[in-house]
Amino acid sequence: MTQPSLPELLHAAVTAVGGTERPGQVAMAEAVAEAIDDGAHLLVQAGTGTGKSLGYLVPALAHGERVVVATATLALQRQLVERDLPRTVEALHPILRRRPEFAMLKGRSNYLCLHRLHEGVPQDEEEGLFDQFEAAAPTSKLGQDLLRLRDWSDETETGDRDDLTPGVSDRAWSQVSVSSRECLGATKCAYGAECFAEAARERAKLAEVIVTNHALLAIDAIEGAPVLPQHEVLIVDEAHELVSRVTGVATGELTPGQVNRAVRRAAKLVNEKAADQLQTAAEGFERLMELALPGRLEEIPEDLGYALMALRDACRTVISAIGSTRDKSVQDEDAVRKQALASVESVHDVAERITHGSEWDVVWYERHEPRGGAAYRHSGASLRVAPMSVSGLLREKLFTDRSVVLTSATLKLGGDFNGVGASLGLGPEGDDLPLWKGVDVGSPFDYPRQGILYVAKHLARPARDGDRKDMLDELTELVQAAGGRTLGLFSSMRAAQLAAEDLRSRIPEYPILLQGEETLGELIKNFAADPRTCLFGTLSLWQGVDVPGPSCQLVVMDKIPFPRPDDPLMSARQKAVEEAGGNGFMAVAATHAALLMAQGAGRLVRASGDRGVVAVLDPRLATARYGSYLKASMPDFWYTTDRNQVRKSLAAIDAAAKQAD
C-alpha cells in the first residue's frame, strides 16, 4: 500500500478545520516532515495567518512517532486540544487508517487535589489541619470561590484549573492544589485512585500527541525526574517565549515570609533544638533583608554568606529530623509532614545554591511594593538567583535525543535566525552539532500594502523618567486621526498609566481602557467590541492580543522596549558577552527589544482585510545605528517619518471602516 502524500493529508486537514491552504503552510509542513525524518532540528518562522498549527500537526501525525507539543499560552493549548487536534485526527483517519490519541498534560499544581479538598490544608499556626471551607466566611470572595470549587469537583472530569470558568483567585486555588513536592504520591494517598493529576499522566502515557506548556517542558529538562513520557519529536510553538519561561523555572527566590512559613510548618514535627536552630537562622536572614538594597550582588557579602550558611545547615538538620520522628497527635500526619518538608527543602535548595556559588548564576536583591500578601508581610525584599544563560542547559537537555521543531511568527531577528538560535543553545547555522536549519515560510499578508510603519522622528529622544509632553501631544493627535481604534504598548506600567490619565482628560470622547483595571480577557473583549475604544498596557499586551478587524488600526509603541538599565539579569548577561569579546548591547538589549517590537507590530495585521499603522514614538528607531536591525525584525510595512502623511492615512482608514460599518 502506498503511503499517503503530505499534500493530500494537509488538504484533508485544512478542509476539516474550514481553512484555506496557503503556500507558507505547505512549505512549513514539508520542512517539518523533512526534519522529523532526518532526526534534525528546525527553526521555522511562520507569519500570522499561515496556519502553523496544522503545518506541524499534519507531518507529525503522519510520521506516527510520539510527539510532544509545548506552547506558551493557554489560548493556544485550548485551540489545539479542543479544535485543531480533534478535527485533524478525524480528517486524517480514513487516509492514515489510524486514529491517534491526544492528551493535555500540565504541572501538578494545575490540577485540583482531592486530598486537600476533602482533608483540609495543613495549617501553619496551629497543629494539624483546618477545614478551609469552615475557616473562610461564606460571604467572602474566598469563601464563595471555595464553595464553587467544591461543587465543581463533583462535575469536572479533568480537575484542570483552566477548565473552571469563571476562574478563581490564586489564593483560593492554593487551598485545593499541591505542588509536586507537597504531593503524598498516589500509593500513599487515600484519593490516589481518583487523582486528577495522576489520571492526566496516565492519559499522556497512552497518547501519541501530548500537548503541554513551556513551564512543564522546562521542569522536565531541569529537574532530572522525567514528567513527560518518552517521545521522539518535540514541537515548541510560540518558541520566542521559551528562553524566558525556562529562565523563570530555573530562578530561585528566598523571602523572609517564605522562610518563616517553613519555620512554622516544621516546628511541630521536630525536636526543640532543631526548631530553634531554624528559627534563629530565619531571624538572622530577616534582619539582613530589612536592610537589603535592590541590585546585583557580584560578590556575596560576608554577613549574607553567614546567614545563608546558617539557613542551609538548619534546614539540613530539620530535614533529617522530620525524617526520623513520628507524632501521632498530628492529624493526617503524612500531609502535614510532606508540606513542611516541601517548604524547608525549597529554602535549603536556594540557600545552598547561592552559598555554593556558581560563575554561571546571577544573584540579586529585589524590593517589592508592600502589598498585603503573606509572602511579603515581613519585608518587601527578596533574594533571587537565576542562570546567566539557559543556552547550555537547553543544548544539553533539549536537543540531544529527539528531533526538535521550534516555530513562531518571530524567530528571525535583524534578518537571520542566529540570535534566537544562540539563545537556545544552537551554534551559528551550519556550524557544529546539534545540526539545525532555519526556514522562513513568509506570511499570507501583503504587509507593504496593508500597513505603515511610522517613526516620529521629530520628537525628543526619550530620557529615563523624563517628561514626555511632546510624545503625549503626538499620541493624542494620532488617536484622534484614527478615530480611536488604538492599541497602546508602553515600556512601563507607569508610562501606560500616565498616558491613560492624560488622554482621558484631553479626549474624553474616546474611552481608554487600562491594563490592570480589569482582567486581560475582559479588556480585550471590550476593546474589540467598540471601534472608538483604545487599550493601553504593558508587556503582556505586546504579545497577547489578537483583535482582527477595524477595532485595532493603530498600534503605538511609546519607546523602544530595551530592558531597564538596572535589570540585574539582563545587565549581567550583557557584561558577560562583552567580557567574551562580543557586543553585549546588540546581543542582549537590542535582541530583547527586537523580539518585543516584532511581536508588538504583529498585533496590527491579523487578517487579510486589516489595514493600519504601527507608530513608534521614539526617534532612535530612525536615527540610531541599531535602528536598521530593529526595523529588519519587524513586518515589512511601508515606512515613513512624515507625520502629515500618517494622519491623512489614518483618517482615510477610519473613514473606510466607518463606511463599511
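These legends walk you through four close-up views of a predicted model.

**View 1. Helix 3 meets helix 4.**
Start with helix 3 (residues 52–63) and helix 4 (residues 74–96), whose axes come within 11 Å and cross at roughly 45°. At that angle helix 3 is oblique to helix 4. Their crossing is right-handed. From helix 3, the residues making the contact include Leu-54, Leu-57 and Leu-61, and from helix 4 they include Leu-85, Val-89 and Leu-92. Sorted by class, the contact has eleven nonpolar, three polar and one charged residues.

**View 2. An open sheet of seven strands.**
Follow the strands across the sheet and you will find the order 16-17-15-18-19-14-20, with parallel pairing. Which strands are the edge strands? They are strand 16 (512–514) and strand 20 (638–640), and each pairs on one side only. On average, neighbouring strands of this sheet are turned by 15° against each other, direction ignored.

**View 3. Strand 18 beside strand 19.**
Here strand 18 (residues 554–557) and strand 19 (residues 612–616) run parallel, joined by four bridges. To pick out a pair, look for Val-555, whose bridge partner in strand 19 is Val-614.

**View 4. Helices 19 and 27 lie across strands.**
Helix 19 (residues 469–482) lies across strand 14 (451–455), strand 15 (486–489), strand 17 (534–537), strand 18 and strand 19. Helix 19 runs at about 170° to strand 18. Now find helix 27 (residues 643–660), which lies across strand 14, strand 18, strand 19 and strand 20. Relative to strand 14, helix 27 runs at about 145°.

Definitions and conventions:
Residues are numbered from 1 along each chain as its sequence is written. This is a predicted model: local features need pLDDT of at least 70, side-chain atom pairs count only at pLDDT 80 or more; totals for chains, interfaces and linings use all residues. Side-chain values use heavy atoms; hydrogens and water are left out. Axes are lines fitted to C-alpha atoms, for helices over the stretch in contact, and angles run from 0 to 180 degrees between N-to-C directions. Helices (H or I, at least four residues) and strands (E, at least two) are DSSP runs, numbered from the N terminus. Angles under 35 degrees count as roughly parallel, over 145 as roughly antiparallel, 65 to 115 as roughly perpendicular and the rest as oblique. A crossing is left-handed if the near helix is turned anticlockwise from the far one by less than a right angle, and right-handed if clockwise. Contact means heavy atoms within 4.5 Å. Ala, Val, Leu, Ile, Met, Phe, Trp, Tyr, Cys and Pro count as nonpolar, Asp, Glu, Lys and Arg as charged, and the others, Gly among them, as polar. Two strands pair if DSSP finds at least two bridges between them.
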